[in-house]
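Visitor: I should like a close look at a single part of this structure, namely the sheet and the helices that pack around it. Please describe how the strands are arranged, and what lies against them.

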Amino acid sequence: MAKNALPDHVAVIMDGNGRWAKKRGLPRAFGHREGVATVKKIVTHAAESGVKVLSMFAFSAENWLRPAEEVGFLMKLLDDYIASESRLMMENNIRFLVSGRTEMVPERTGKALRELSALSSGNTGMTLNLLISYGAKDELADAVRHIARDAAEGRLNWRDVDGALIRSRLYNPELPDVDLLIRTSGEHRISNFMLWRIAYAELYFTDILWPDFSEKDFDAALEDFAGRVRRFGKTDEQMENRG
Ligand code: IPE
Ligand code: IPE
Ligand code: MG
């Protein structure tokens with residue numbers, strides 16, 4: 001069986017910051033701070049590895065339900081991250097995108113996100129897709145609302161609604177489907193993440209808490225992916241003949 005090449009699109013559910021801090025008797029904020037350091041390492045490493053798109057789940061639609069103090073701290077970390085990483089992204093030719101209902105983040109944060117997206121829009125290296133205030137059900141609801149409006153206003157015929165049309169209304173529609181989804185911290189669930197685009201993703205779960213996740217661990221996930229048999233509903237024989 002032919003081995004898989006490098007995945008084009010790797011997505012990461014970065015989980016376990018709170019538990020990392022708790023294990024050390026520290027407040028959760030320390031885990032989040034350490035988690036940002038891991039984000040920086042993994043973004044650089046993924047870009048060097050030749051991955052085309054890296055999607056990072058940073059803050060979910062449901063995470064707004066956390067204590068206000070923690071939410072505020074996470075937004076502040078996001079501000080600091082953008083401020084400290086803009087230059088590196090430009091130097092490394094990384095295109096920065098955001099997916100999610102960013103109208104809900106503080107104005108200064110939204111502005112920083114928009115500015116970095118605009119500044120890096122011409123970069124041709126890896127795309128970093130940061131998911132903030134993101135929920136897959138919201139994304140699908142937003143897509144359906146746009147389609148319904150276009151149908152109601154006569155811009156499209158309801159008979160033309162198909163998978164390709166729905167896909168074209170997702171956030172950042174040019175992004176391909178996810179090939180490899182990594183979740184850290186031992187949780188075996190999806191938590192409302194990119195439901196449409198993970199339809200045929202290979203899933204990789206590790207017990208490592210996000211702040212401890214290293215470049216080596218990322219490589220281990222890529223290696224595991226390389227050994228997977230992807231059939232997309234077909235038979236092994238068809239895949240061997242590329243039928
Ligand atoms: C992931 O770590 C970061 C975010 C969800 C923002 P958690 O904060 O969920 O850490 P645990 O799951 O409580 O350990
Ligand atoms: C998922 O982690 C969201 C992010 C990693 C940003 P959570 O820690 O919020 O997920 P649940 O609630 O345990 O499923
Ligand atoms: Mg968690």
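**The sheet and its surroundings**

Guide: In this predicted model, six strands make up an open sheet with parallel pairing, and their order is E3-E4-E2-E1-E5-E6. Strand E3 (95–99) and strand E6 (202–205) are the edge strands, each pairing on one side only. Direction ignored, neighbouring strands of the sheet are turned against each other by 20° on average. Strands of a sheet pair through backbone hydrogen bonds, in either a parallel or an antiparallel sense.

The account may begin at the edge formed by E3. E3 pairs with E4 in the parallel sense, over five bridges. Within this pairing, Val98 is found opposite Leu130 in E4. Although E3 is an edge strand, E3 is mostly covered, with five of its five residues buried. In a regular strand, side chains alternate between the two faces of the sheet. Both faces of E3 are covered: on one side Arg95, Leu97 and Ser99 are buried, and on the other Phe96 and Val98 are buried as well.

From E4 the sheet continues to E2. Strand E2 (residues 53–60) and strand E4 (residues 127–134) are joined by seven bridges, again in the parallel sense. Here Phe59 is placed opposite Ile132 in E4.

Two helices that lie against these strands may now be added. Helix H4 (residues 107–119) packs on the sheet, where H4 touches E3 and E4, and the direction of H4 makes about 140° with that of E3. H2, in turn, lies across E2 and E4 and runs at about 160° to E2. E4 is thus touched by H4, and H2 lies across E4 too.

H2 also has a helical partner. Helix H2 (residues 28–49) packs with helix H7 (residues 215–226) at an angle of about 45°, the two axes being 10 Å apart. H2 and H7 are therefore oblique to each other, and their crossing is right-handed. On the side of H2, the contact is made by Lys41, Ile42, His45, Ala46 and Ser49; H7 contributes Glu215, Phe218, Asp219 and Leu222. By character, the residues of this contact between H2 and H7 divide into four nonpolar, three charged and two polar.

Taken together, H2 connects two parts of this description, since H2 lies across E2 and E4 and packs with H7.

Key. Residues are numbered from 1 along each chain as its sequence is written. Chains are lettered from A and ligands numbered from 1 in the order in which they are written. This is a predicted model: local features need pLDDT of at least 70, side-chain atom pairs count only at pLDDT 80 or more; totals for chains, interfaces and linings use all residues. Side-chain values use heavy atoms; hydrogens and water are left out. Axes are lines fitted to C-alpha atoms, for helices over the stretch in contact, and angles run from 0 to 180 degrees between N-to-C directions. Helices (H or I, at least four residues) and strands (E, at least two) are DSSP runs, numbered from the N terminus. Angles under 35 degrees count as roughly parallel, over 145 as roughly antiparallel, 65 to 115 as roughly perpendicular and the rest as oblique. A crossing is left-handed if the near helix is turned anticlockwise from the far one by less than a right angle, and right-handed if clockwise. Contact means heavy atoms within 4.5 Å. Ala, Val, Leu, Ile, Met, Phe, Trp, Tyr, Cys and Pro count as nonpolar, Asp, Glu, Lys and Arg as charged, and the others, Gly among them, as polar. Two strands pair if DSSP finds at least two bridges between them. Buried means under 20% relative accessible area, exposed over 50%, partly exposed in between (1.4 Å probe, protein chains only).
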